[in-house]
Amino acid sequence: MIMDKDKSSLYEYIDKIGSELKSLSDDIWAYAELSLKEHKSALRYIEFLKKEGFHVTENISGMETAFSGSYGSGRPYIGILGEFDALSGLSQEACKTSESPLSPGGCGHGCGHNLLGAAALGAAMAIKKYLSDHPDCSGTVIFYGCPGEEGGSGKAFMARDNIFASLDGAISWHPGDVNKVATGSNQTSMQVRYDFRGTASHAASAPYMGRSALDAVELMNTGVQYLREHMEPGCSIHYAITDAGGLSPNVVQAKASVLYMVRSTNVRSNKKLLARVDDIAKGAALMTGTTLSRDFIDGTSNMISNHVLEKVVYSNMLDIPLPDYTKEEWAFAGELFNTYEKNGLPGIDPSLTPEDTEMITKLSEDGKRPINDFLIPLRDNRSVAFGSNDVGDVSWQTPSVYFYGTTWTSMSPGHSWQNVSMGKHPIAVKGMMWAGKVMAASVLDMIKDPDILKRAGEEWEQSTGEGYCCPIEEDAVPKPIE
Ligand SMILES: [Zn+2]
C-alpha cells in the first residue's frame, strides 16, 4: 500500500481539526466520569456529532450515555468505537511527574479513554469529509459512543441488542505504551454479586439465635478455593467482599455480599463455570441457614481476532510516520518513567519471533527508553491473554480490529496516576492524532477496496462458527459503578 492522495488529505484534515480534537479530549479528561454516569461526556460528543451533520441515535440499549452518529449512505457500514469513562480514586493533575490529586479521592482518566474517544471521532470526521467530497462513493461510517468500558460492559449490552450485527467491520484503538496491533484473543468474563441474608443476634449471649451471612460469604469463598483445582485451563476466578455486614464483632452479621468475577476462554464454558459458582453459593446458604439472592452485573466475550483487518491496520501504521518528540518531552517522559517499577520488555507477546525480541531489546534500549517510539511487528498471534474487554462482543458481531498507540511512558502501570498525568500531555496528544490517522486510513481502505471486507468477512465466518453467545444474561440491566 502506498501513501495515496486520498489518504494524504485524510491526514491533513485530521491535522486541521487537531485543536478541536484536543479540546474534546481535554474536556472529557476534566469531566472524568465513571462508567454509565458519563452524562457530560456523552453530551459533549452528541453535540459535536449533531453540529457536524451526523445522524445521531441516543439512549442505546437502555443506557443514557450510549449513542451513535452515522454519516454516508449504502454499504459498507463501518463502525468506529469510542469510549469515554474514567476510574475512581485516580484524580491527578495533568503533566506532573509526581503524584498530586486534583481533588483527593476523585476520579481520573487512568485508562486514557479521553484520548481513545477523541481519536475515534477524528477518524469518523475524516471519513465523513471523504464521503462528502466523493458523493458517488457508497459507504457509511458510524461512530459508536460506548459507555461503561471500565465497569458495566456497555458494548456487550449493545451487542445483546445486535447493535453491531449489521456492520461490515469495526475498528478501535487503545492508548498504550507501545505502537502495536492488538492480536490474539483474551478471556471472557462475567460478574455476579451474591447477597446473603441471615438473622442478627448478640454474638455472646444468643449466638444460637443468629444466622450469619458473613459465615455464608466465607464458606462460599472457601468452596470456590476448592473449585479452582478442577477448572479448565485458562479460567480464573476473583472476588471482593463488598459488604462484610458491619463493624461490630459482637453482632452475628445479618447481611453480607460478595462480588465474583469468573473468566474463561469462551462464553459457553464460562456460563458452565459460573453455574458451578452459583451452586457453591447455594451450598453456603444452605449450610448457614441464610437466604441468597444473586445479581448478574455484567460480562464480556473473548476477542475474535481478524488477521485480514490486522494486516490492513499494520500497513497503515507502517505508512504513517510515528510522532517525533522534543527534548522537553523526552525529559518529561524520563522523569515520569522513574516513578514506577518495571521489568522485561515492552509490547512482548508469545507470537513474536526471537528476531523481533532482539529488535525490541535494541529499540527500547533493553526496556530503559522512556517512550517507545517504534512499531512492534505484527505476527499471527493465536494466544489468549489474561484479562478481558468489551470489544470482544463487537468482534462476535462483525469483523473487528484494534491497536495500541503510544501515549504513555514505557511499561507505565495500567490505571495509574501516571496515565492520568499524561492524559493532556503533548506526547499523548501526538499519539492520539497518529491513532486517528491510522483508523481513518484503515477505514478508507475498507471502503475503497471491497475485497478487504470480503476476505475479512470470510475469516470472521470461520472463526465464529458456533455463533455469538451473549455473556449478558437475559434479564440483566446495565448498572453504573457505585
Ligand atoms: Zn481502557
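The following questions and answers concern the nonpolar cores and two helices of a predicted model.

User: Which helix gives the most residues to the largest nonpolar core?

Analyst: The largest nonpolar core in this predicted model has 108 residues, and those with the most contacts inside it are M439 and V443. The helix that gives the most to this core, with 15 residues, spans residues 426-448 and is α13.

User: Leaving aside its neighbours within four places in sequence, which residues is V443 in contact with?

Analyst: V443 is, with M439, one of the residues with the most contacts inside the largest nonpolar core. Once its neighbours within four places in sequence are left aside, the residues in contact with V443 are I78, I80, A123, I127, V141 and I171.

User: How many residues does the second, separate core have?

Analyst: This core is separate from the largest one, and L219, M220, V262 and A285 are among its members. Of these, A285 is also listed among the buried residues of helix α7. The size of the second core is 23 residues.

User: How far apart are the end C-alpha atoms of helix α7?

Analyst: Helix α7 covers residues 267-288, and because each of its 22 residues is taken at 1.5 Å, the helix should span 32 Å. The distance between the end C-alpha atoms agrees with that expectation, at 31 Å.

User: Around the axis of α7, how wide an arc do the buried residues cover?

Analyst: The buried residues of α7 are V267, N270, L273, L274, V277, I280, A281, A284, A285 and T288. They lie on the same side of the helix, whereas R268, K272, A275, D279 and L286 are exposed on the other side. The buried residues pack against α6 (213-227) and against the strands β8 (188-197), β9 (236-243), β10 (255-264) and β11 (291-300). The arc that puts them on one side is only 140°.

User: Which exposed residues does α3 carry on the face turned away from its buried side?

Analyst: In helix α3, which runs over residues 39-51, the buried residues are S41, A42, Y45 and L49. Seen down the axis, these fall within an arc of 95°, so they line one face of α3. They are covered by elements including α2 (18-31), β1 (55-57), β2 (67-73), α4 (113-133) and β4 (139-145). The face turned away from that buried side carries the exposed residues E47, K50 and K51.

User: Which residue takes a positive phi just after α3?

Analyst: Helix α3 has 13 residues and reaches 18 Å from its first C-alpha to its last, close to the 18 Å expected. Just after α7, a positive phi of about 65° is found at G289. Just after α3, the positive phi is about 85°, and the residue that takes it is G53.

Methods:
Residues numbered from 1 in each chain as written. Predicted model: local features only at pLDDT ≥ 70, side-chain atom pairs only at ≥ 80, totals over all residues. Core = buried A, V, L, I, M, F, W, Y, C linked by C-beta atoms within 7 Å. Buried ≥ 20, exposed ≤ 12 C-beta atoms within 10 Å, placed from the backbone. Helix = DSSP H or I, 4+ residues; strand = E, 2+ residues; numbered from the N terminus. Contact = placed C-beta atoms within 7 Å. Expected span 1.5 Å × (residues − 1). Arc of directions from axis to C-beta.
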